[in-house]
Amino acid sequence: MDFRGDILEQKGKKVSNHIDENITFLKEALGVEKSFDVIQLDVVYAERKMAFYLVDGFVKDDILHYIMRLLARLDKEKLDGDILSKLVKTYIPYVEVETTDELEKVVDAVLAGPTALVVDGVDKVIIIDARTYPVRGPQEPDIERVVRGSRDGFVETLVFNTALIRRRVRDRTLRMEYLQVGKRSKTDIVVSYIEDIADPELVTKIKDSLTKIETDGLPMAEKTVEEFISGRHWNPYPLVRYTERPDVAATHLFEGHVCIIVDGSPSVIITPTTFWHHLQHAEEYRNKPIVGAYLRFVRFLAVWASVFMLPLWYLFAIQPELVPKSLSYIGPNTSTNVPLIIQFLIIEIGLDMLRMAAIHTPSALATALGLVAALMIGQVGVEVGLFINEVILYFAIAAIGTFATPSYEMSLANRIIRIALLIVTSMFHSYGFIIGSCLLIILLTRMNSFGVPYFWPFIPFNNRAFRDVLLRSPIPLKHKRPRVLHTKDPDR
């Protein structure tokens, strides 16, 4: 009990007027002598003892040197009276300067990157946010490439990502609300929304979900956040959308969505989302409406093929009486000793093995890996009787549909559903296919993302919104925001 009491007392410890007490606490809490990159710099300016605490690698050396040079020129008389006010408002010429009287907050701030300045005789610590992170330049995301459009993308640094959004959304009510998640990691998270548009209840619900996260840290950044706030852990379908494009995030903000930006991740979470949000791509809006509508139709067709093509063909193969004479050519023309369902499962697992191998293969060897896979799975597999030509053909069509799905998470979910449909079709034939398809529709209609029906506007049906889902409507004709978001300003 005494040990726990000491911990609680330390957590609420206030900054003392005596610098030695503060130094003793911070030196132990930050592990100054145990970690080489945590630096305690003892100095004397204006005949007054001071101490800097910083993490090497996070601090901007030139800014800190400039501040130290100015402080070194101070006379004792210049710090008479209200020392704290004079330092913060006059003698520390930097934009991001704040104070705190809690030593625990000082520790958290230093480990996050800012520099702490402890001054003898002052019962507050000055926090100078002169930090920098190792960062790569904004580059076009690999998954969301477009032929025409911006080439910048989100990076792993939170401040850069918020700046990329503000560059496109200059609304005075754009809010970037900051909070920290993780008892040990103290990961920075920003909740972004347009206050004049977004539903206040939605914003409150999302922020409450974030504040209720109880975990040591967020090692997987935005994916860990999603699992905490969305629930439905055994449902393969994603309830939030990820994007690495600032223009996509800005578009959703204008619609009334809320974005969650996690430090250390180049992906921004968009919420709430429906099933159809995961089938949209920026390329559709970089072309004329008629071209965009055509591209969307092709994409929908590809996604449908990725889910239903193989189970439907397999049903026709095992029940040829269901196939009209005009389509009799689609059935298997040859046979092997390997059952069709086993062929499908082997090639499904083989493709996933190939995908994982491609991720771990250096770029210089990727071409060789592709040639080996094509020869082994395609030509040799057919020649030795492991596969028939039709299995490879229809699986290739389904695989193309999988790769044509804009959302990587949606494509993986559809692949799981495809395998499940294959299995139930092999077990119960036409009844299995029909029941499995109906259960899929029921699953999608029962889902919701922060109160928004997942299959909206198909179920519940909304004529105007459903038309916008099927067709890429011209932007000048889209006068209303999605009704399901309950926006404060429904007009665009």
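A residue is called buried here when its relative accessible area is under 20%, exposed when that area is over 50%, and partly exposed in between. In this predicted model, Phe450 has a relative accessible area of 14%, and it is therefore buried. Phe450 sits in the loop that joins strand 11 (448-449) to strand 12, and although Phe450 is not a glycine, its phi is positive, at about 55°.

A second residue with a positive phi is found in another loop. Glu47, likewise not a glycine, has a phi near 60° and belongs to the loop between strand 1 (38-45) and strand 2 (48-55). Its relative accessibility is 66%, so Glu47 counts as exposed.

Two peptide bonds that precede prolines also deserve attention. The bond from Thr271 to Pro272 is cis, with omega near -10°, and Pro272 is placed in the loop between strand 10 (268-271) and helix 10 (289-318). The bond from Trp456 to Pro457 is cis as well, with omega near 10°, and Pro457 lies in the loop that leads from strand 12 (452-453) to helix 15.

Beyond helix 15 (463-470), the segment that follows contains Arg472. How is the buried side chain of Arg472 placed relative to the nearest side chain of opposite charge? That side chain belongs to Glu284 and is 6.7 Å away, and Arg472 has no salt bridge; a salt bridge would require a side-chain nitrogen of Lys or Arg within 4 Å of a carboxyl oxygen of Asp or Glu. The side chain of Arg472 does, however, reach the backbone oxygen of Glu284 at 3.1 Å, and a polar atom of this same arginine side chain lies 3.0 Å from the backbone oxygen of Asn287. Leaving aside neighbours within four places in sequence, the contacts of Arg472 also include Tyr285, Pro289, Gly292, Ala293 and Arg296.

Helix 14 (residues 408-446) brings the reader to the surface of the model, and Cys438 is found in this helix. With a relative accessibility of 43%, which falls between the two limits, Cys438 counts as partly exposed. Cys438 is 257 residues from Val181 in sequence, and their C-alpha atoms are 40 Å apart in space. Ile423 is also found in helix 14, and because its relative accessible area is 35%, Ile423 is partly exposed too. Together with Met427, Phe428, Tyr431, Ile435, Leu439 and Ile442, Ile423 forms a nonpolar patch on the surface, whose members have about 760 Å² of accessible area together.

Notes:
Residues numbered from 1 in each chain as written. Predicted model: local features only at pLDDT ≥ 70, side-chain atom pairs only at ≥ 80, totals over all residues. Heavy atoms only, no water. Helix = DSSP H or I, 4+ residues; strand = E, 2+ residues; numbered from the N terminus. Buried < 20%, exposed > 50% of the residue type's maximum accessible area, 1.4 Å probe, protein only. Lys, Arg positive; Asp, Glu negative; His and termini not counted. Polar contact = N/O pair within 3.5 Å; in protein donor to acceptor, adjacent residues only side chain to side chain. Contact = heavy atoms within 4.5 Å. Patch = residues over 30% accessible without salt bridge, like charges linked within 9 Å, V, L, I, M, F, W, Y side chains within 5 Å. Areas by Shrake-Rupley, 256 points an atom, 1.4 Å probe, with all protein chains shown as cover.
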